[in-house]
Structure formats: C-alpha cells, structure tokens
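Here's a quick briefing on charged side chains and who they pair up with. Have a look at the model, then read on.

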Amino acid sequence: MAQIAGRFARVEPRRRVGRLVLGLLSDLPRKNCWTIAEWAGESTPDGMQHLLGRAKWDADQVRDDVRAYVVEHLRDDQAVLVVDETGDVKKGTDTVGVQRQYTGTAGRIENAQVAVYLVYAGRRGHAAVDRELYVPRSWTSDPDRCRAAGLGDKTEFATKPQLAARMVTRFLDAGHRAAWVAGDEVYGGNPTLRAALEERGTGYVLAVACSHEVTTGAGKFRADTLARKVPKRAWQKLSAGSGAKGHRFYDWAVIDLTDPRPGSRQLLIRRNRSTGELAYYRCYSPAAAVLLTTLVRVAGSRWRVEEFFQSGKGLAALDEHQVRRYPSWSRWVTLAMLAHAFLAVVRANEHDRDPAPDALIPLTCNEIQRLFITLVIRPAFDPVHRLGWSDWRRRHQARSQTSHYRRQAART
C-alpha cells in the first residue's frame, strides 16, 4: 500500500483504501462496499462509497503505480503484453457502458459492460497493468447520458483495438519495455493496431481469421489456403506452455511473408493434434529473423490474460463492483488490479526463494491468498468482529431477531 500512499492527500482515505484492498483479498463470499465496510468494522458503507465516488484521488495515477509495481517485480526482457476484453453481465441501463452486446463471460449476447485489459506476462508471473472501459456508440452519441455517468460530454467512441493501442502506447511512453504484444482475432484483424505496433518497433503475434489475406513471394492468399500448401515435414510439435494438465502440445508451421518495409513478417499456423483444428497468427518482429520456438512462446502467452480474468475475478473481486458511474468503476477495478498484482508478486518471490520440490506443484495465487488471509487478515480483523460489531450490523441483527420471534409467535 506504500506504493500508492502518496496519491491520497488525507490520512482518512489513505487508511480506508487500505481496508478496501484487504477486503478485496479477504474470503468474503460477496465483495462490495456494503460487505467490505461491515467486515472492516465501519458503522455504515458511506465511507467506502465516498472513497469510490466522491473522494479526491486520481485512479489513473494509481494505475500508473500498479504498472510500475508489476514491471519492477515481474521484469522480463522478453515479456509479452497481452490484450483482451472481458464482460460483466449487468441489469438495467444506467451502469456506465452497458448495452446488449456479446460477452465471452456469458458466451452470448447479454446486457453487459465490457472492458479491455492489458496484462504484463513474463517468466516470473503475470498481472494487469492497464484497463479501458469500452463505451459503445449508443453512449457516445448521447452527451447527457455520458455526463450523468461521469464520462464527460466529449467522450468519443473508440473500438477495442483502439483502446488496446492506447494502453500499449501509455506503457511504452512511461519508459517500460516489452518485446511482444499478443491478442486474439479482434486485435489481429485490425491493420491500424498492427501499424501502430510496427511504428513503435514492438513485435507482435496476433491471431487472425482463416479468411485473413497475406502476401507471400508467390502472391496473395487466404490464411487457410496457405495452410493446405504446407508440406508434412514443415510441421513441428511444440509446447505452447504449461496448462492445468501439463504442457499444451500442438503442431506448428510458419510461412515467411513479403513486405518492402523493414522487419520480419510471418504467418504462424497452429494445428490441434487431436481434432486437426487450425488457428492462424499474423507475426511481426523488428529483428531480421525469429525462431519458431519464440513465436510459439509468444502465441502461448495469450492464455495468461484468461488466467488473469479467472483469478482477478475469483480472488480480487474484479467483477463484483456494484457501481454505476465511470469514476467509481475505474477506482474499483484499479484497486482490484493492485490486489491481484500483490498476489502475483508474492507468488513470484516465493518461487524464487523457495522452489517447490519436483514432486509438488508450486504455490499458486489461490494458495498465497489463503495463507495471507490466515496469517495476516484474520489476526488483524477477527478481534473487530468478535468485540465490536458495528451499529449497522447490530440493527440488521435486531431486525432479524424480531422477525424470528414474530414467526415463532405466529406458529404458536
């Protein structure tokens, strides 16, 4: 918490934000301003709601601190920046950015809020370093609606690839370095994003559709057409990284592309060894030549963002915010990113200091959180729960007891 303490001018919000982050890391079954305030021993949720909605502090400055913290502790010269979006299903129409749209969380079109995240993935671990809310045209075309949600009258529509380019630019402009960028077809199929990365001299391995056209020495072809021309001897069995069930092996092939501009451009093809299903990646490197194993490693890093979504939501309540306005949303998700980054850094340091024996699985973020709850959070906060229940909780308890006695009287 010392990493972000200087962003708060007064001691009260500085202390409260510490309690909020500890609440995000706690084992509460549901995490929002109400439950965290009660858990922290506060008499009402007003203080937590004020911290997220009206208190004077800049969530973007805290985001910059989170980014610096992650890069400092997970630094890797061959790190990959992974971009992807995730959706949170919402009810109603007032929550900022919400509309009926496809979200992978539900696997269908739902009333949802979608945000794009940038994850720093290195050999020591991975954590999110930036976030951007996707604001649909139905919002940006209505200034009154944007103003009511705290977005500002001049909010302009930006596509998800544009949001990704904005975050990568911020990362590089801050003086940090990453050798590669990875993403799915939403980002790989966008030529503007690819051109922006090439202009900054940043390599990428971005997924593209089977219908994506590329240029080789023999002419212009669709990706799936080129895949059918690959000879059997060109396929190599390589691991895309470790998964829950061990290494994820696929067959891989690479085709050199022609382009008059500097750098190396290739089409990477992945084949599922069981089903034969193919996937395609557009690749660029400022270097003259790149090994197939390097491209495979970068392509496999894309799954780190899925792991972040799973652990960020499951461990740090990334998706449990019950807020409607943009300032509150940006503050909640930034603090959730900080909470998850803490777990990722502790895990990385523990692996370096005390590697697990060959017969045991290394500690995960889930286990780090359980240890932190047992050794730090419960000793600090259980006395609060045992000795001093809040007035707010006592009122709810009293109402519950009254209802209980009324039900008993009605039965008798």
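A salt bridge here is a side-chain nitrogen of Lys or Arg within 4 Å of a carboxyl oxygen of Asp or Glu. Side chains of opposite charge can pair when their charged atoms come close. Keep in mind that this is a predicted model. By that definition, the structure holds 30 salt bridges.

**Bridges between distant parts of the chain**
- E42 and R16 pair up through their side chains, with N to O at 3.2 Å. The two are 26 residues apart: E42 sits in the loop between α2 (33-39) and α3 (46-53), and R16 belongs to helix α1 (residues 11-25).
- E42 counts as buried because its relative accessibility is 9%, and the cut-off for buried is under 20%.
- K313 and D88 make another salt bridge, at 3.7 Å from N to O. That one ties helix α12 (residues 303-316), home of K313, to strand β1 (residues 80-89), home of D88, across 225 residues.
- Both ends of this bridge are buried, with K313 at 14% relative accessibility and D88 at 12%.

**A partly exposed pair, and a network**
- D259 bridges to R261, and their closest N and O atoms are 2.8 Å apart.
- D259 is partly exposed at 27%, and so is R261 at 44%.
- Shared partners join D60, R63, D64, R67, D130, R131, E132, R166 and R170 into one salt-bridge network.

**E72**
- You'll find E72 in helix α4 (residues 59-74), partly exposed with a relative accessible area of 49%.
- Its C-alpha is 9.6 Å from that of V345, although the two residues are 273 apart along the chain.

Notes. Residues numbered from 1 in each chain as written. Predicted model: local features only at pLDDT ≥ 70, side-chain atom pairs only at ≥ 80, totals over all residues. Heavy atoms only, no water. Helix = DSSP H or I, 4+ residues; strand = E, 2+ residues; numbered from the N terminus. Buried < 20%, exposed > 50% of the residue type's maximum accessible area, 1.4 Å probe, protein only.
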